[in-house]
Amino acid sequence: MLEAVLDALSRQGISSKPLAVSHAFHSPLMDSILDEFESAAQRIACSAPRILLISNLTGGILGAEQTPDARYWREHIRAEVKFSAGMSSLAALGIDAFIEIGPSPVLLGMGKRCLPESQFAWLPSLRQNQDDWQTLLDSLGKLYLQGAGIDWAGFDEGYSRRKVSLPNYPFDRRRYWLEPSNKNTDSTVKIAPVPSKDVPQRKNGNNNNHKSQSVRTPVMGLDRSALLNAEPNQRQRLLEDYLQKQTARILGMEPSRLSLVQPLDTLGLDSLMAMELKNSLERTFGVNLSVASLLQGPTISGLAVEALNGLDSPEVPNEARLVISNHESDESPLSYGQQALWFLHELLPEDISFNVAGAIRIRGALDVTALERAFAQLTGRHESLRSTFHVVAGEPIQRVHDLMMGVFKLEDVSDWDEADLRGRLTAEAHRPFDLEHGPVWRAVLFRTKSEHVLLLAMDHIITDFWSMTVLASETLVLYEANKSGGTISLPPLQARYSDFVRWQSGMLASAAGERLWEYWRGELAGELPALNLPTDRPRSALQTYRGDSRHLFMDAELCAKVKSLAQEQGATMFMTLLAAFQTLLYRYANQEKFLVGSVTAGRSHAELAGLVGYFINPIPLKADFSGNPTFNEFLARVRRTTLGAFEHQDYPPALLAKRLGIQRDSSRPPLFETMFILQKAQEAGVQALSPFALGLDGARMEAAGLTLESIALGGEPAQFDLTMMMSETEGGLAAALQFNTDLFDAATIEQMLGHFHSLLREIVSDPHKPVSAYSLLNEAERRRLLVEWNQTQAEYPRDLCVHELIREQARRTPDSIALQFGEQTLTYKELDKRSTRVAKVLSSRGVKPGTLVGLFVHRSLDMVVGQLGALKAGGAYLPLDPSFPAERLAFMLADSGASILLTQSNLRGKLPEPTPKSFALTMSKG
């Protein structure tokens, strides 16, 4: 019932938001308790209001004589809420600032809708998952601009705070509290702390009242041993200092600006940052925290407590450890991800490959010898770059070689034009590798008349985006060292890829692997919904891989608004953009539930951070749009789903599909048809390379005295129907939508990107709207749909009637289609002939100018034939809709005086009574 009401409101363009309440207040469902409620309320002594009180019952001000007694409250819980009238009453008093106490601006949004033209200040007191100071100062600033006098000195006087429970709406079942002050002060606490049972703690939260954080001694050489040897009462301070500095470094801010009690999700901590912080804790103290827990908004103090608790038990019981092998074998099995790629490689046509490739222009004085030597050093450093793949005893294995020649090649193309060069780059980028004989990567340097162009291509089986940033960072270090003759300063690698393969196998066989399996089995229980997007061509029986991509650039203002929305809702940039992309797919496919894939770094141990190899793990993320949620509500669902997936990311999808017993549909990718990826380099020095991963043209970065500029290659094979890749750039946001060209036209994808852009702008402007209410159209599309396509005015002869115009058209184009209804059609010749036959019958029954003919037919070809027949006979027609009530039809016939009725045979039993004195004429079977 509720969904039907919401749908009806949405169709009328009315925004609405259902409230989750425990009782059906203000509705007839309260009738059964009214007497008992009033009787109970009569035992309470009520007084007239002593302050200004706006009544939701009347919408006006309660006067001194209007005591809200038991009868008042009886009517209050039964009658509708006159909130809008109450807001108007407040506005009429000259009130121009409204503040809402609570963790989310529910009433503020309603107030803005009631007074859309107002210039009032709308002030949320505090926002959940947002910095208290930011919200309070923003509200004070708005009040100041509104003309209010602010005692700034008094506001910032020295005082202490403890967490204080703030009131909230009963149906929200939550509490919000002020964080303790970090100021160094001797003031006494004037508000008693709320008992812990009344104040649910945030995960990783901390109740300690830190009296000072401004004076801290730097911690030098802190590690697990030093921390354990410190005095117990000093350990938390030491760890907080370490975490403050590490987190500030990762976030790119001054440590002094990072509060120990500010939730990190309000500062833009994303999954890669969380991974780096996790690796730092694991490497330094042997403490293993999950990425998901770091993304749930812990504070520095809370992290310190959790890390200290984990010092004595650094790993989950029964979980397989990452053991670094001292036995240097040149052969090892494949990881589960590599196995999936290897089997796909065996099935692909010879001209299709899933290479990771990129091309860059190099402007400046390039030292070619130094670059060639750098690639040789990289090959020697990373085993994956000297590996080949073979079948032994029916199983694929990888073999590491001592040397791998033929990786680097220099070509002089100074006499080529740009088109020839781009054609060669595309061919080299997508040319398949021979996995058995190698090498499985290539670096080709083209020397043109004025610059160099470098193409780097690798088979996906040995790399991922993290690996590419490792290679880029190390290439720059090696190049500069080779060029200057300086010392190479790369740290030794702490593990081998075979260590990861062995750990993965052991982990999946352990209790930890079973926990992962149980989570995914529950998450993907039941029939998995296939996403059925409208395509330009039917899907073939066998999946194809021909692909291409189109790009979209969004400005810095929109990027900033997306970040602000993410932080306000306690989500990451990834979660927010994923939710927007899933909303786009929902609107296109009109499906409430479907899966979208993404990838995680897959490097759950610090020792793996510097390796080159295939570590990423695709994860299925379920989208659930049931109940027509607002975007904020849907984002909360996405956040929960994503955190759960991150927590259980190490389970390979190939094994998951096998254990779930999913029957492979040969026409589709397994598990999910679409992917969403937010590319970001984990290496700070090469973060400018993130847009390069999208295959953009013209992205730039400066490095080693050179200017590097990306070249779009195009023609990338499509492993999925759609893959949306996004990245933050200096100018804002960039998106690349890769698509299967056997399913979609390029124009369709460009339109889809435009719709995504429009949707994202609407979302950040009002995230409280239902997802079904957002418009996807830009101004040009809206004008085309509402104006241009509805401009049906045309010049026609003014001296002829419509039936005469149709007769003239039948003479000019007798065989052209005049009418179409479903599968039925009539040519102009047939239409003219049938309507003339009806006219003759009507004329023979006395129809002449001034005669009214009733037309009792369904919407059909007969309807137009009857209209023209009546006009040709000289009469006029009266349309009678069979869906009208019988009483209404009888009145229309009697009132009009229609003397004859045209109908269809299947409607004769539904003729209104009394029928005209003349008889009913049956035109057809309907």
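In this predicted model, strands β10 (residues 441-447) and β11 (residues 452-459) run antiparallel and are joined by seven bridges. Arg447 has His452 as its bridge partner in β11. These two strands belong to an open sheet of six strands, ordered β9-β10-β11-β6-β17-β16, in which the pairing is mixed. The points below take up this sheet and the helices on it, then two other strand arrangements, then backbone details, a salt bridge and a surface patch.

**The six-stranded sheet and its helices**

- The edges of the sheet with the order β9-β10-β11-β6-β17-β16 are formed by β9 (408-412) and β16 (700-703), each of which pairs on one side only.
- From one strand to the next, the twist of this sheet averages 25°.
- Helix α14 (residues 368-381) packs on the sheet and touches β9, β10 and β11, and the direction of the helix makes about 180° with that of β10.
- Helix α15 (residues 418-430) also packs on the sheet, where it touches β6 (355-363), β9, β10, β11 and β17 (706-711), and the direction of α15 makes about 20° with that of β11.

**The three-stranded sheet**

- A further open sheet consists of three strands in the order β5-β8-β7, and its pairing is antiparallel.
- Because β5 (331-333) and β7 (387-392) stand at the edges with a single partner strand each, one side of each of them is left without a neighbour in the sheet.
- When direction is ignored, neighbouring strands of this sheet are turned by 35° against each other on average.
- The pairing of β5 with strand β8 (residues 395-400) is antiparallel and extends over three bridges, and within this part of the model Glu331 stands opposite Arg399 in β8.

**A parallel strand pair and its crossover**

- Strand β22 (residues 852-856) and strand β23 (residues 876-879) run parallel and are joined by four bridges, while Val853 stands opposite Tyr877 in β23.
- Together with helix α27 (residues 861-872), the strands β22 and β23 make a β-α-β unit that is right-handed.
- As general background to these pairings, the strands of a sheet pair through backbone hydrogen bonds, in either a parallel or an antiparallel manner.

**Backbone details in loops**

- The peptide bond that leads from Gly438 to Pro439 is cis, with an omega near -10°, and Pro439 has its place in the loop between α15 and β10.
- Asn590 is not a glycine, yet this residue has a positive phi of about 55°; Asn590 is found in the loop between α20 (573-589) and β13 (593-600).

**Salt bridges**

- The count of salt bridges in the model comes to 39.
- Glu474 forms a salt bridge with Arg381, and the closest N and O atoms of the pair are 3.1 Å apart.
- This pair links distant parts of the chain, since Glu474 lies in helix α16 (residues 465-484) and Arg381 lies in helix α14, with the two positions 93 residues apart in numbering.

**A nonpolar surface patch**

- On the surface, Leu137, Tyr144, Leu145 and Trp152 form a nonpolar patch, and together these residues have about 470 Å² of accessible area.
- Helix α6 (residues 132-145) gives the most to this nonpolar patch, contributing three residues, and Tyr144 has its place in α6.

Notes: Residues numbered from 1 in each chain as written. Predicted model: local features only at pLDDT ≥ 70, side-chain atom pairs only at ≥ 80, totals over all residues. Heavy atoms only, no water. Patch = residues over 30% accessible without salt bridge, like charges linked within 9 Å, V, L, I, M, F, W, Y side chains within 5 Å. Areas by Shrake-Rupley, 256 points an atom, 1.4 Å probe, with all protein chains shown as cover. Salt bridge = Lys/Arg side-chain N within 4 Å of Asp/Glu carboxyl O. Pairing = 2+ DSSP bridges. Right-handed = clockwise from strand over helix to strand, strands pointing away. Axes fitted to C-alpha atoms, helices over the stretch in contact; angles between N-to-C directions. Contact = heavy atoms within 4.5 Å.
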